[in-house]
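Student: I would like a close look at one part of this model, namely how one of its helices packs against its helical neighbours. Could you take me through the contacts residue by residue, and then place them in the wider fold?

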Amino acid sequence: MGKVAINFKEGTIDQAEEEIIVGIDLGTTNSLVAYMDSGIARIIPDQVENTLLVPSVIFIDEENNILVGDAAKKQLSIQPNSTIYSVKRLLGKSFQEVANINSLTYQLKTEESSGAIKIKIREKYYDPIELSAMILSYLKKRAEQVLQKKIIKAVITVPSYFNDHQRQATRDAGKLAGLDVLRIVNEPTAASLAYGIGLNKQESKIVAVYDLGGGTFDISILRLEDGVFDVLSTHGDTALGGDDIDQAIISHWMQKYNLPKETSQIDRNRLRQLAEEAKICANGNALFQNEFNGVIVSLDSSELETVVLPFFERTMISCKNAIKDSKLKIEDIDEILLVGGSTRLEFIRKQLSQFFSKSVNTSLHPDHVVALGAAIQADILAGNNKDFLLIDVTPLSLGIETIGGLMDTIIARNSKVPISQARSYTTSIDGQKNLKIAIYQGERELVQHNFKLGEFTLKNIPPMPAGLPKIEIQFLIDPDGILKVKAKEIRTNTVQEIEIKSMQKLSEEQMAMMLIDSIKNAQTDLSVRGLIEIKNEVNYLITNYNRFLKQNETILTQEEKSTINSCIVDLQKVKESDDKDGIQSIVDHCNQLTEQIAHRIMDYSIQDALQGKGIADTNE
Ligand code: ADP
Ligand code: MG
């Protein structure tokens, strides 16, 4: 962006003034916001309570008032159905990918055509992006109150195993919260920066980052060279963390004190709270004792070790795999950094230093390192650290048009150049022979608001039912900033490509205006996108139901046929409506009605058709 500064309040471009870029750790359990205070990274506290951690919990009441953090967490045991936690586990994922998460106390819904997940709270449906944005807004507000400054720019961290979709969803959440997300940084990279690793350009090092949080575990092995971090390998378990240790303490108590198995939700929550307290207390080498329903429950440090051991052993399997994949030996690892609240467990620290035959680095608070590192990265991006030259990045996002005129980003803004990124798509009409690929640059959700860079047609796709062809679209930017777009139908190897040389046609002002518009319109854009997506879903279901009726003509009972037909009628009726939640509940209802029928007549071609998004036909 050069030296252009954006005044988001006025929607104008100003002379550059000193600005603060915050670093955000958007965690599964807890989130934090940090900034650079004359060369020192600091976590921004709550103004009144002085607490640093913001529980990643959201509560929405009947009047749609939103609570975030500690206040929301209190509602967990009172109104579990409208209190959302662990939303990071859903971010950027499809329903199929989270099918195994069944312990959530709130309701998940899916859109079949896109596989997108929605969270239902009373009669409203929320996107994980929207909910994550609520946490980010809260952090933004906290920073603004404490620093007495408008905060617009941010760096947000994500686990190194996050894929392209999860990273894009994190960016979108930032945008929705009114933040210009300058960079998505890997959590282990941020942790390294917090420890000062990577701040000296001459330094070469191998770093292992062991991150055990509330609900997830991961280990990453990084190579630092010439000021650049490379993730050599990463392994982990998305269902292993401090919460599981708490649960194991409860099981231990159940056995030891013969507690009743059937307990109320309130009792269960109280036990969970006691177990976490006991863990922290016993870890501090004190004996925990408290009363639960007339029974004195206790935990000492040796009992805690017995409980923790099997979990620790599971993390070791990942560690060994990560070392193997990195093609290094244990001795090659120069630093072991601990991240996440659960690495405060003494037993884990001891075992780890034994395994690596090296002392583990614990000088920084493991709950804070990621946010602190994000603030340091933000400071580098702000140009305050003169040792770092800014590398070439893409000034705006690049993507293609999908059904309904939606922008599908393939390379995100601020990606390092050169870069190559690909995504899979499919057709939306039976027998579709051609696929128009229109390439756009910009940050808005609808392509009509972005800049068109070019288009071409992938021809001669062999006729197949909609959803069956697999078309990979690859964007490649070479070191000179030239964009090549390649489309390939995988089954038949049909290829077509285009080269775009004029990506830099836009002036800095135009790009700045694009950013202002995208943030100003984020809320409307997201609801327009949501409406288009649900309408796409309706069309998809109608086509699918009709095909299903035709294909299974002889197998379906009369009653089943009329159920499906009435669904088609309902969907046709609701198609023109602009009430997103209303359409969604009809879609849900139809899904429920037809699910059992579909189960009875399992059709694998339909399963297959669920993969990928569609692109409209060119009618050629
Ligand atoms: P996330 O990265 O998932 O957002 P955190 O890094 O904030 O999570 O870690 C939260 C976990 O750390 C919780 O399970 C909590 O019980 C645990 N924890 C916090 N303090 C301690 C402590 N002193 N000893 C043991 N576990 C702790
Ligand atoms: Mg974390």
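Tutor: In this predicted model, helix H5 (residues 242-257) packs against helix H7 (residues 301-326) at an angle of about 130 degrees, the two axes lying 10 Å apart. That angle makes H5 oblique to H7, and the crossing of the pair is right-handed. On the H5 side the contact is made by Asp244, Ile245, Ala248, Ile249, His252 and Lys256, and these residues face Glu303, Leu304, Val307, Val308 and Phe311 of H7. By residue class, this contact comprises 7 nonpolar, 1 polar and 3 charged residues.

H5 also has a contact with helix H6 (residues 265-283), where the axes come within 9 Å and cross at roughly 105 degrees, and H5 and H6 are therefore roughly perpendicular to each other. Here Gly242, Ile245, Asp246, Gln247, Ile249, Ile250 and Trp253 of H5 meet Leu271, Arg272, Leu274, Ala275, Glu276, Ala278 and Lys279 of H6, a set that divides into 8 nonpolar, 2 polar and 4 charged residues. Ile245 and Ile249 deserve attention in this helix, since they appear in the contact with H7 and again in the contact with H6.

As for the wider fold, the domain assignment gives domain 2 as 242-306, while domain 1 is written in two segments, 21-241 + 307-392, and is followed by domain 3 (394-520) and domain 4 (528-619). Between domain 1 and domain 3, the C-alpha centres lie 29 Å apart, and their contact takes 14 residues from each of the two domains. Together domain 1 and domain 3 bury about 1200 Å², with 42% of that area on carbon and sulfur atoms.

Another helix pair can be set beside those of H5: helix H12 (residues 558-574) and helix H13 (residues 580-600) pack at an angle of about 160 degrees, with axes 10 Å apart. H12 and H13 are therefore roughly antiparallel to each other, and their crossing is left-handed, whereas that of H5 with H7 is right-handed. The residues of H12 in this contact are Glu560, Thr563, Ile564, Cys567, Asp570, Leu571 and Val574, which meet Ile583, Ile586, Val587, Cys590, Leu593, Thr594, Ile597 and Arg600 of H13; 10 of the residues in the contact are nonpolar, 2 are polar and 3 are charged.

Key
Residues numbered from 1 in each chain as written. Chains lettered and ligands numbered in written order. Predicted model: local features only at pLDDT ≥ 70, side-chain atom pairs only at ≥ 80, totals over all residues. Heavy atoms only, no water. Axes fitted to C-alpha atoms, helices over the stretch in contact; angles between N-to-C directions. Helix = DSSP H or I, 4+ residues; strand = E, 2+ residues; numbered from the N terminus. Parallel < 35°, antiparallel > 145°, perpendicular 65-115°, else oblique. Left-handed = near helix turned anticlockwise from the far one by under 90°. Contact = heavy atoms within 4.5 Å. Nonpolar A, V, L, I, M, F, W, Y, C, P; charged D, E, K, R; others polar. Domains from an automatic or database assignment. Buried area = accessible area lost by both parts, 1.4 Å probe.
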